[in-house]
Amino acid sequence: MRRTNMEKKLLTASEAATVLRISKSKVYQLIREDKLPHISIGARQIIPEDALNHWLDHALTGG
């Protein structure tokens, strides 16, 4: 089943930490340093799953 644009998954910092196998505080550090793709909504930071996957692919290929 394909997801439409409105159905794309957004991850919390905790969920992104689980995917990356790092601590939640490290996720927030990467966000503060603008090294991790994220969207700020008020005080919340959310990470689009597609952007995280692209970021990982880019990191793995040495980009």
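**Reading loops, core and surface**

Me: Asp34 sits in the loop between α2 and β2 (39-41). What is notable about the phi of Asp34?

Reply: First, a caution: this model is predicted. As for the general idea, most residues other than glycine have a negative phi. Here Asp34, a residue other than glycine, has a positive phi near 55 degrees.

Me: Is Asp34 buried or exposed?

Reply: A residue counts as exposed when its relative accessible area is over 50%. Asp34 has a relative accessible area of 61%, so Asp34 is exposed.

Me: Which loop holds Arg21, and what is the phi of Arg21?

Reply: Arg21 is found in the loop between α1 and α2. Although Arg21 is not a glycine, its phi is positive, at about 60 degrees. Its relative accessibility is 79%, and Arg21 therefore counts as exposed.

Me: How do I place these loops in the whole chain? In what order do the elements run?

Reply: Begin with the count: the protein has three helices and three strands. Read from the N terminus, the order is β-α-α-β-β-α.

Me: Now the interior. Which residues make up the largest nonpolar core?

Reply: A core is built from buried residues, and buried means under 20% relative accessible area. In this structure the largest nonpolar core has 11 residues: Leu11, Ala13, Ala16, Ala17, Leu20, Val27, Leu30, Ile31, Leu36, Ile47 and Leu52. Two or more residues each come from α1 (13-20) and α2 (24-32). The largest share, four residues, is given by α1.

Me: Take one core residue. What is Leu52 in contact with, beyond its neighbours within four places in sequence?

Reply: With those neighbours left aside, the contacts of Leu52 are Leu11, Ala16, Val19, Leu20, Leu36, Pro37 and Ile47. For the protein, look at contacts with a separation of 6 or more: 41% of them join residues 24 or more positions apart.

Me: What share of the residues is buried?

Reply: Of the 63 residues in the protein, 22% are buried. The protein exposes about 4,900 Å², and carbon and sulfur atoms supply 53% of that area.

Me: Which residues make a nonpolar patch on the surface?

Reply: Leu10, Ile39 and Ile41 make a nonpolar surface patch of about 260 Å². Leu10 belongs to strand β1 (residues 10-11).

Me: Why can Leu10 be part of a surface patch?

Reply: Patch residues need over 30% relative accessible area. Leu10 clears that cut-off because its relative accessible area is 45%, a value that makes Leu10 partly exposed.

How values were computed: Residues are numbered from 1 along each chain as its sequence is written. This is a predicted model: local features need pLDDT of at least 70, side-chain atom pairs count only at pLDDT 80 or more; totals for chains, interfaces and linings use all residues. Side-chain values use heavy atoms; hydrogens and water are left out. Patches are made of residues with over 30% relative accessible area and no salt bridge: like charges are joined within 9 Å, nonpolar side chains (Val, Leu, Ile, Met, Phe, Trp, Tyr) within 5 Å. Accessible areas come from the Shrake-Rupley method with a 1.4 Å probe; for residues, only the protein chains shown count as cover. A salt bridge is a side-chain nitrogen of Lys or Arg within 4 Å of a carboxyl oxygen of Asp or Glu. Buried means under 20% relative accessible area, exposed over 50%, partly exposed in between (1.4 Å probe, protein chains only). A nonpolar core is a set of buried Ala, Val, Leu, Ile, Met, Phe, Trp, Tyr and Cys residues joined through side-chain atoms within 4.5 Å. Contact means heavy atoms within 4.5 Å.
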